[in-house]
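Visitor: I should like to learn how to read a structural model. May we go through some features together?

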Amino acid sequence: MLQREDTKLVSVKPGFNEIYMNLAVDLAARSHCVRAQVGAVLTKDTRIISIGYNGPPAGTHNCDEEWPDAGCARDSRGSCSLALHAEENAILYAARNGSKIEGGTLFTTLSPCIACARLILSSGIKVVVYKDSYAEYKGLPSDEGVDFLKRFGVEVNKY
Ligand SMILES: [Zn+2]
Ligand SMILES: [Zn+2]
């Protein structure tokens, strides 16, 4: 009995990884994308500096409302041609507001695509934590975004 209480006490306090990944999952649900919903949280020194979810730039399109049946126009890879990815939105918002991204940690519900991986590396983010695999979602043989980041010194961890 006493031991159960102890276990409970420990599990009551969530770690930052858990808090930020839960937030990323909640943010993903705000996406208007008809196919994939992805959320991202950008942190620095355990504090949040930006958030994002996938979708066209604010004030332009809500794909699910404008094209509820067919969905929006697709690019050559089958993704929304109008949308910024969650990671792009999080990074761009931080850049626009003058937050220092370098040395940050990015939490994302889906492992970064190669385009986002390039942006993550270039913006100086040091750690990426992802929940689900983009390769598995797309049916690709390897997670090229993750491979790219690891090859060039970014720490990537599956949540
Ligand atoms: Zn779309
Ligand atoms: Zn991406």
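Guide: The turns that follow take up a helix, two metal sites and a serine. Please bear in mind that this model is predicted.

Visitor: Let us begin with the helix. How many residues does α2 have, and what distance does α2 reach from its first C-alpha to its last?

Guide: Helix α2 covers residues 16-28, which makes 13 residues. From first C-alpha to last, α2 reaches 18 Å, close to the 18 Å expected at 1.5 Å a residue.

Visitor: Which residues of α2 are buried?

Guide: A residue counts as buried when its relative accessible area is under 20%. In α2 this holds for Tyr 20, Met 21, Ala 24, Leu 27 and Ala 28. These buried residues fall within an arc of 115° when one looks down the helix axis, so they line one face of α2.

Visitor: Why would residues separated along a helix point the same way?

Guide: An α-helix has 3.6 residues a turn, so residues three or four places apart point the same way.

Visitor: What covers the buried residues of α2?

Guide: The cover includes four strands: β1 (39-44), β2 (47-53), β3 (105-110) and β4 (127-132).

Visitor: Now to the metals. Which residues coordinate the zinc ion that is ligand 2?

Guide: To read a metal site, one lists the donor atoms and then finds their places along the chain. For the zinc ion (ligand 2), the donors are ND1 of His 85, SG of Cys 113 and SG of Cys 116, at 1.9 to 2.3 Å. Their spacing along the chain is H-x27-C-x2-C. His 85 lies in the loop between α3 (63-66) and α4 (86-96), and Cys 113 in the loop between β3 and α5 (114-122), so the pair ties together parts 28 residues apart in sequence. His 85 counts as partly exposed, at 25% relative accessibility, whereas Cys 113 is buried at 7%.

Visitor: Which residues coordinate the zinc ion that is ligand 1?

Guide: Cys 63, Cys 72 and Cys 80 coordinate that ion through their SG atoms, at 2.1 to 2.2 Å. The spacing of these donors is C-x8-C-x7-C. Both Cys 63 and Cys 72 are buried.

Visitor: Finally, the serine. Where is Ser 111 found, and which side chain does its own side chain join in a polar contact?

Guide: Ser 111 is found in the loop between β3 and α5, and it is buried, with a relative accessible area of 1%. Its side chain and that of Asp 143 are joined by a polar contact of 2.9 Å. In addition, a polar atom of the Ser 111 side chain lies 2.6 Å from the backbone nitrogen of Tyr 134. Among the other residues that Ser 111 touches are Glu 87, Tyr 130 and Val 146.

Methods: Residues are numbered from 1 along each chain as its sequence is written. Chains are lettered from A and ligands numbered from 1 in the order in which they are written. This is a predicted model: local features need pLDDT of at least 70, side-chain atom pairs count only at pLDDT 80 or more; totals for chains, interfaces and linings use all residues. Side-chain values use heavy atoms; hydrogens and water are left out. Helices (H or I, at least four residues) and strands (E, at least two) are DSSP runs, numbered from the N terminus. The expected span of a helix is 1.5 Å times one less than its number of residues. Buried means under 20% relative accessible area, exposed over 50%, partly exposed in between (1.4 Å probe, protein chains only). The arc is that of the directions from the helix axis to the C-beta atoms. Contact means heavy atoms within 4.5 Å. Donors are N, O and S atoms within 2.8 Å of the metal (3.2 Å for Na, K and Ca); water is not among the atoms, so sites may look incomplete. A polar contact is a pair of N or O atoms within 3.5 Å; within protein, one must be able to donate a hydrogen and the other to accept it, and residues adjacent in sequence count only if both atoms are side-chain atoms.
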